[in-house]
Amino acid sequence: MRLLALYAAAAYLFLYLPLAVLAIFSFNDSRFSEWTGFSWRWYRALAADPRLIPCTLNSLLIGLSATVLATAAGTLAAYGLWKRRHPWLAASLYLSLLSPEIVTGVSLLALYQWMFRYLDLRLGLHTVILAHVSFCVPYVVIVVMSRLKTMDPALEEAALDLGATEWRAFWQVTLPQLWPGVAAAALLAFTISFDDFVITSLVAGVDSETLPMLIYSSARRGISPALNAISTVIVVLLSALILLSERLRES
Amino acid sequence: MRLLSRDGAPDGRTWLKTKTRMRWPRLAAGPTVFLLPAVTIQLLLFAAPLVIVVAYSFLTRGPYGGTSLPFTLENYARLWDPLYARILLRSIALAALATLLCLVLGLPLAVYISRSGSRKGLLLQLVMLPFWTSFLIRTYAWIFLLRDTGWINHLLIRWGWISSPLPLLYHDGAVVLGLVYGYLPFMVLPLFATLERLDRRFVEAAADLGAPPWRVFWEVTLPLCRPGVWAGSILVFIPCLGAYLTPDLLGGGKSIMVGNLVQNQFTSARDWPFGAALSLALMALSLILLVAVRRAVGRAGGLEDPW
């Protein structure tokens with residue numbers, strides 16, 4: 001057991017050390033891997049980057065829109081699936097969850113380009129939002145479903161027996177008990193959307209560069225401590241959202 | 001609800017009665033209506049794109065990179081071209097190696113977590129937390145550590161262990177490391193789940209009968225965990241096989257996988273029909289493996305639909 005504990009410590013170190021080093025060096029005064037002293041200069045450099053604000057705004061806009069739409073559709077679907085099995089929808093959600101991101105991305109790109117032959121539209125924020133909705137829905141369904149499974153169906157059955165329609169039973173009886181699950185699902189959907197690079201980069205237009213796209217293009221160009229700074233900020237914020245989501249799931 | 005009298009004229013009395021009673025819309029379709037938004041999304045944004053990709057995979061590449069007739073099987077035949085078949089096989093090999101390493105590294109961790117009493121939940125959350133927070137940034141973190149002037153080389157040189165930087169980045173090893181780092185949580189989770197469901201009496205019986213701990217583990221615990229091992233392996237193998245970002249950033253173009261090939265066909269090479277055939281081959285391979293493993297382990301491995 002002692003050996004096992006030692007191993008586990010090493011495993012957690014493996015999981016967290018890269019992120020920790022990244023965060024520590026975002027406060028390094030030098031641009032090299034030599035620690036020369038604490039400094040905020042890379043965070044200041046970050047604030048001066050003209051691309052940062054528009055990319056962040058795009059990411060937020062995409063994330064929030066996709067979260068609202070995916071959470072609404074996913075919650076309703078989880079409820080419907082909870083009431084009655086629907087093997088086709090379940091299989092489709094399962095498949096979309098497991099298909100490689102790159103395949104999802106190129107097939108959405110193929111769909112958009114095919115549609116653009118007939119419509120006067122171009123790739124942009126709307127295509128990114130639709131793509132994000134599509135890959136967030138399965139996660140929302142899973143989270144809401146796990147909440148539904150812990151709930152007592154008797155309350156809703158009572159409402160139905162007393163003559164409530166299914167809509168009314170859903171809105172007035174089930175949803176009020178379900179909201180922590182819905183909130184947890186929304187937070188998770190936002191995190192996944194905010195973080196996505198592979199699908200986004202394929203279906204984004206010239207006006208819809210997101211934060212992960214900015215990070216990717218900087219990472220390809222080379223290392224900069226400013227990149228560490230923005231990464232640290234994102235990791236801290238997303239971790240907070242995930243922890244909040246987990247708390248809600250358990251409540 | 002009879003709104004018309006027998007001879008076809010509106011029946012005032014029945015109509016009034018129904019009107020006063022209908023305060024919430026009564027939906028004949030029942031729960032199906034709740035599924036409507038999700039079904040629409042799945043049809044339009046998952047099924048339709050796949051249908052288009054299937055259609056493209058049988059078309060010919062157009063003169064300016066688009067797609068055009070005639071129908072052909074050429075794109076599928078090209079999958080066997082040694083140039084591409086080698087990348088396909090390499091991807092399978094790298095994904096398999098990453099899966100094996102995840103299993104070797106994840107199993108003791110899962111065992112440790114399942115034995116740590118009240119801290120279980122916290123420890124499991126700590127494994128999952130990095131997984132949810134930015135795959136891109138976690139991959140970038142490894143570039144920061146591994147590059148020639150990175151932190152690891154810097155430390156090794158400083159301690160005088162090496163004189164010139166080791167080439168740690170941009171080869172298969174770095175890609176496998178990135179994959180293991182990225183998908184380890186997918187292995188730990190199902191392993192932990194089966195360990196939790198394990199009937200402790202078998203383990204206790206083996207120990208009572210005098211088996212040393214390693215033997216109990218090897219001959220009792222591990223065989224009982226087989227469904228979890230399979231479930232974890234398939235959950236790691238599938239995303240590794242389709243990986244794009246990890247080989248792109250850590251392989252640096254020298255160690256490419258199928259995902260990169262797909263991306264390349266849809267962007268710079270502009271050969272959409274071949275890219276479509278590659279995507280479908282990747283999907284088909286993942287799906288066949290998934291179905292096979294599900295058949296083999298049944299519901300025990302936690303691979304059942306989460307809904």
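**Figure 1. Two helices from separate chains meet here, seen in a predicted model.** On one side of this meeting point sit A:Tyr12, A:Leu15, A:Tyr16 and A:Leu19, which belong to H1(A), and facing them from H5(B) are B:Leu126, B:Val127 and B:Pro130. Sort the contact residues of H1(A) and H5(B) by class and you get seven nonpolar, no polar and no charged ones. The helices themselves are H1, residues 2-25 of chain A, and H5, residues 120-132 of chain B. They pack at an angle of about 35°, and their axes are 10 Å apart. If you want the handedness, H1(A) and H5(B) cross in a left-handed way.

**Figure 2. Now for the whole contact between chain A and chain B.** How many residues does each chain put into it? Chain B brings 72 residues and chain A brings 73. On chain B's side, the biggest giver is helix H2 (residues 32-57), with 17 residues. Go through that side of chain B by class and you'll count 53 nonpolar, 15 polar and four charged residues.

**Figure 3. Chain A is built from helices, with zero strands.** There are 11 helices in chain A, so reading along the sequence just gives you α-α-α-α-α-α-α-α-α-α-α. The C-alpha trace of chain A spans about 70 × 65 × 30 Å along its principal axes. Of the 251 residues in chain A, 47% are buried. Look at the chain A contacts with a separation of 6 or more: 79% of them involve residues 24 or more positions apart.

**Figure 4. Chain A splits into two domains, 1-39 and 51-250.** Domain 1 of chain A covers 1-39, and domain 2 covers 51-250. Taken over C-alpha atoms, the centres of these two domains are separated by 31 Å. Where they touch, seven residues of domain 1 are in contact with six residues of domain 2. The domain 1 side of that contact has four nonpolar, two polar and one charged residues.

**Figure 5. Here is the largest nonpolar core, with 157 residues.** Which residues touch the most other members of this core? They are A:Ala77, A:Cys136, A:Val140, A:Val144 and A:Ala189. The largest share of the core, though, comes from helix H8 (residues 172-197) of chain B, which supplies 16 residues. Both domains of chain A join in too, with at least three residues drawn from each of domain 1 and domain 2.

**Figure 6. Zoom in on A:Val144 and its neighbours.** Leave out residues up to four places away in sequence, and A:Val144 touches A:Gly74, A:Thr75 and A:Ala78, along with A:Leu178, A:Gly181, A:Val182 and A:Ala185.

**Figure 7. Over in chain B, the spotlight is on B:Ile143 in helix H6.** Helix H6 of chain B runs over residues 135-146. Why does B:Ile143 count as buried? It has 24 other C-beta atoms within 10 Å, and a residue is called buried because 20 or more lie within that distance. B:Ile143 and B:Ile288 are 145 residues apart in sequence, and their C-alpha atoms are 34 Å apart in space. As for the rest of chain B, you'll find 14 helices and two strands. Buried residues make up 41% of the 307 residues in chain B. Among chain B contacts between residues at least 6 apart in sequence, 68% link residues at least 24 apart.

Methods:
Residues are numbered from 1 along each chain as its sequence is written. Chains are lettered from A and ligands numbered from 1 in the order in which they are written. This is a predicted model: local features need pLDDT of at least 70, side-chain atom pairs count only at pLDDT 80 or more; totals for chains, interfaces and linings use all residues. Axes are lines fitted to C-alpha atoms, for helices over the stretch in contact, and angles run from 0 to 180 degrees between N-to-C directions. Helices (H or I, at least four residues) and strands (E, at least two) are DSSP runs, numbered from the N terminus. A crossing is left-handed if the near helix is turned anticlockwise from the far one by less than a right angle, and right-handed if clockwise. Two residues are in contact if their C-beta atoms, placed from the backbone, lie within 7 Å. Ala, Val, Leu, Ile, Met, Phe, Trp, Tyr, Cys and Pro count as nonpolar, Asp, Glu, Lys and Arg as charged, and the others, Gly among them, as polar. A residue is buried if 20 or more other C-beta atoms lie within 10 Å of its own, exposed if 12 or fewer, and partly exposed in between; C-beta atoms are placed from the backbone. Domain bounds come from an automatic or database domain assignment. A nonpolar core is a set of buried Ala, Val, Leu, Ile, Met, Phe, Trp, Tyr and Cys residues joined through C-beta atoms within 7 Å.
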